[in-house]
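Trainee: I would like a close look at a single part of this structure. Please take one strand and walk me through its surroundings.

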Amino acid sequence: MAALRGLLFLVMALAFCFFSKTVVADTGTATYYTPPYVPSSCNGFQDDGVMIAAASDAIWDNRGACGRNYEVKCEGATNAGDPQPCRGDQSVVVKIVDYCPPGCRGTIDLSQEAFASIADPDAGKIKISFQQYSMKFMDVLNAIGYAWMLN
């Protein structure tokens with residue numbers, strides 16, 4: 001049993017090395033769209049929930065963005081109408097399920113619920129930082145339910 005715990009500790013330490021790399025976020029703008037969210041370009045009539053987004057040409061990657069998760073953080077206003085649109089230091093993780101066609105007003109078009117979780121919807125458009133989201137070390141631990149500690 002002790003050998004198994006030691007092996008699991010080693011695996012976790014190696015996972016930490018791979019999942020803890022520093023990533024520099026991109027910047028852009030976000031807008032939002034309202035329900036209904038189906039059909040979507042990526043998944044047709046599948047219900048993907050509400051923490052979703054549509055990708056502009058900047059990240060669409062010829063449908064390659066479908067299913068990718070992005071962490072999006074409000075960085076500020078894009079106009080003088082709402083100088084403080086951000087809701088604190090919040091970020092939201094969204095799944096790309098749709099395409100925001102040419103002429104799209106933002107880099108990422110968030111669902112109304114995702115936008116409202118990081119900014120005042122009255123702003124309409126905000127400055128953002130965003131990065132592709134992948135599991136971090138603590139997410140891995142949570143996903144396995146700390147099973148190695150329970151034995």
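Mentor: Here is a look at strand 2 and its neighbours.

This is a predicted model, in which local features need pLDDT of at least 70, side-chain atom pairs count only at pLDDT 80 or more, and totals for chains, interfaces and linings use all residues. Residues are numbered from 1 along each chain as its sequence is written, and side-chain values use heavy atoms, with hydrogens and water left out.

Strand 2 covers residues 52–55. Strands (E, at least two residues) and helices (H or I, at least four) are DSSP runs, numbered from the N terminus. In a regular strand the side chains alternate between the two faces of the sheet. Here Ile52 and Ala54 lie on one side, Ala53 and Ala55 on the other. All four are buried, meaning under 20% relative accessible area (exposed is over 50%, partly exposed in between; 1.4 Å probe, protein chains only).

Now the partners. Two strands pair if DSSP finds at least two bridges between them. Strand 2 runs parallel to strand 4 (residues 91–99), with 4 bridges. There, Ala54 stands opposite Asp98. Strand 2 runs antiparallel to strand 5 (residues 108–111), with 3 bridges. Ala55 has Ile108 as its bridge partner.

Next, Val94. Val94 touches Ile52 and Ala53, among others. Contact means heavy atoms within 4.5 Å, and residues up to four places away in sequence are not counted for Val94.
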